[in-house]
Amino acid sequence: MSKFKKKKGGELPAISTASLPDIVFMLLFFFMVATVMRDNTLMVTNTLPAADQIKKLDKKDRVIYIYAGKPSARYQDKYGDQPRIQLNDKFSVVSDVGAYVLAERATKREELQNVLTTALKVDGETNMGLISDIKQELRKVNALKINYTTRIGDYTQNY
Amino acid sequence: MARKSPEVNAGSMADIAFLLLIFFLVTTTIETDSGINRKLPPMEEVIDPPIIKERNIFTVVVNKNNDILVEEKLMDLRDVREAAVKFLDNGGGIGEEACDYCKGEKDKSSSDNPDKAIISLKNDRETDYKVYISVQNELVAAYNQLRDREFMAIYPNERMTYVEADKVYSDPRTSPKVKALLKPKLAVLKKMYPQKLSEAEPSKTNN
């Protein structure tokens with residue numbers, strides 16, 4: 001009798017699926033790390049203008065966001081097509097900006113309250129009048145550091 | 001009865017998953033916002049505004065038709081950067097106000113020195129935001145161009161431009177030691193070409 005008996009049939013043994021959970025976990029962790037939570041649902045069109053002399057806004061906990069632009073298509077019936085300001089999740093008027101900035105500032109840690117930047121994410125098609133009004137409101141509440149958030153690109157892309 | 005097909009070996013699945021994981025880890029950049037930083041003037045009215053000589057002010061107006069008027073003359077956006085550089089780097093001052101590092105034309109009717117030179121940007125309420133940002137971008141570029149030039153002239157050993165050095169400085173991954181070395185150098189340049197860009201309140205022009 002041969003010691004190396006040929007196994008019957010040509011079938012391979014079933015493959016262990018024990019490592020499957022590891023793989024799934026790994027993918028899970030990857031997405032957990034790489035995902036950026038979006039805190040605001042955009043209700044305005046937001047095609048940012050392009051610029052190349054820009055600085056990064058690195059620390060997210062030091063930034064207050066203000067969005068502005070034309071309401072998105074599904075809100076146009078209700079809110080019209082004139083550019084509007086969006087604060088958090090709702091459309092706002094210019095006079096709300098000051099209160100919003102103060103409220104946001106109050107939620108930040110005390111040592112950060114003096115170094116906050118207000119990021120203006122404004123659609124390229126907006127008139128400067130609205131932005132000037134926002135800037136006046138920001139000056140009233142002494143939120144003087146602003147950042148015109150842009151896309152990275154040459155200015156010729158704006159035409 | 002149909003022949004049983006052999007099961008596929010899935011033992012290398014983990015390796016494939018690892019590969020994918022590493023690939024994505026390396027290539028993904030978590031999106032960070034970037035833009036042009038500006039500082040608004042405080043609300044308090046200046047009671048006694050300093051008198052600034054006309055030649056030290058470079059007026060840029062963007063009107064409601066998105067035309068760019070530099071020193072009251074219509075100009076293409078392409079030429080704004082160059083015109084601003086020429087104005088800032090003019091160095092027409094004499095005596096105490098002389099500018100020994102300026103390479104401009106020393107024109108008597110343009111700015112005395114970069115410390116005195118002010119760019120005043122004015123817009124209409126109906127100006128498009130994207131045009132305004134383009135002009136802002138070009139004006140900041142003019143400052144950066146001059147700072148780059150002087151930075152490379154003073155600190156050739158750094159082997160980078162002012163903008164690159166500033167990027168390294170503001171990167172949170174840079175070690176405190178490198179930051180401490182860069183900070184005074186950047187400050188020198190900021191003092192040589194201070195960014196005096198005033199954003200006037202918009203007008204409701206009729207033209």
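Which strands of chain B does helix H2 (residues 77–88) lie across? Keep that question in mind as you open the viewer; we will reach the answer partway through the tour. One thing to know before you click: this is a predicted model.

**Stop 1: chain A as a whole**

Select chain A and colour it by secondary structure. You should find four helices and seven strands. Follow the chain from the N terminus, and the elements come in the order α-β-β-β-α-β-β-α-β-α-β. Chain A has 159 residues, and 28% of them are buried. Now think about contacts between residues at least 6 apart in sequence: in chain A, 77% of these join residues at least 24 apart.

**Stop 2: strand S6 of chain A**

Next, select residues 117–122 of chain A, which form strand S6. Is this strand mostly covered or mostly open? S6(A) is mostly covered, with five of its six residues buried.

Now add the partners of S6(A). Strand S3 of chain A (residues 63–69) pairs with S6(A) in the parallel sense, over six bridges. Show A:Ile66 and A:Leu120 as sticks, and you will see them standing opposite each other. S7(A) also runs parallel to S6(A), joined by three bridges. For this pair, pick out A:Ala119, which stands opposite A:Asn147 in S7(A). To get from S6(A) to S7(A), the chain crosses through H4(A), and this β-α-β crossover is right-handed.

**Stop 3: helix H4 of chain A**

Stay with that crossover and select residues 128–140 of chain A, helix H4. A:Met128 has its place in this helix. Why does A:Met128 count as buried? A residue is buried if 20 or more other C-beta atoms lie within 10 Å of its own, and A:Met128 has 22. For some practice with the distance tool, join the C-alpha atoms of A:Met128 and A:Leu138: these residues are ten apart along the chain, and their C-alpha atoms are separated by 15 Å.

**Stop 4: where the chains touch**

Bring chain B into view. The contact takes 44 residues from chain A and 47 residues from chain B. On the side of chain A, the elements that each supply at least two residues include helix H1 (20–34), strand S2 (55–56) and strand S7 (145–152). H4(A), the helix you have just visited, gives the most to this side, with eight residues. Sorted by class, the side of chain A that touches chain B has 22 nonpolar, eleven polar and eleven charged residues.

Now select residues 34–39 of chain B, strand S1. S1(B) pairs with strands of chain A:

- S2(A) and S1(B) pair in the antiparallel sense over two bridges. Look for A:Lys55 opposite B:Gly35.
- S7(A) and S1(B) run antiparallel and are joined by six bridges. Here A:Lys145 stands opposite B:Lys39.

**Stop 5: the sheet of chain B**

Select the strands S2 to S6 of chain B. These five strands form an open sheet in the order S4-S3-S2-S5-S6, with mixed pairing. Strand S4 (73–75) and strand S6 (197–199) stand at the edges with a single partner strand each, so one side of each has no neighbour in the sheet. On average, neighbouring strands here are turned by 30 degrees against each other, direction ignored.

Zoom in on S5(B), residues 118–123, which pairs with S6(B) in the parallel sense over three bridges. B:Leu121 stands opposite B:Glu199 in S6(B).

Now add residues 77–88 of chain B for the answer to the opening question. Helix H2 of chain B lies across S2, S3, S4 and S5 of chain B, and runs at about 20 degrees to S3(B).

**Stop 6: the nonpolar core**

One last selection. In soluble globular proteins, nonpolar side chains tend to be buried together. The largest nonpolar core here has 52 residues, and A:Ile66, A:Leu120, B:Ala84 and B:Val135 touch the most other members. You met A:Ile66 and A:Leu120 at Stop 2, standing opposite each other. Helix H3 of chain B (residues 129–154) gives the most to this core, with twelve residues.

To finish, centre on B:Val135. Leaving aside neighbours within four places in sequence, B:Val135 is in contact with B:Val60, B:Val62, B:Ile68, B:Leu77, B:Val80 and B:Leu121.

Notes:
Residues numbered from 1 in each chain as written. Chains lettered and ligands numbered in written order. Predicted model: local features only at pLDDT ≥ 70, side-chain atom pairs only at ≥ 80, totals over all residues. Contact = placed C-beta atoms within 7 Å. Nonpolar A, V, L, I, M, F, W, Y, C, P; charged D, E, K, R; others polar. Pairing = 2+ DSSP bridges. Core = buried A, V, L, I, M, F, W, Y, C linked by C-beta atoms within 7 Å. Buried ≥ 20, exposed ≤ 12 C-beta atoms within 10 Å, placed from the backbone. Axes fitted to C-alpha atoms, helices over the stretch in contact; angles between N-to-C directions. Right-handed = clockwise from strand over helix to strand, strands pointing away.
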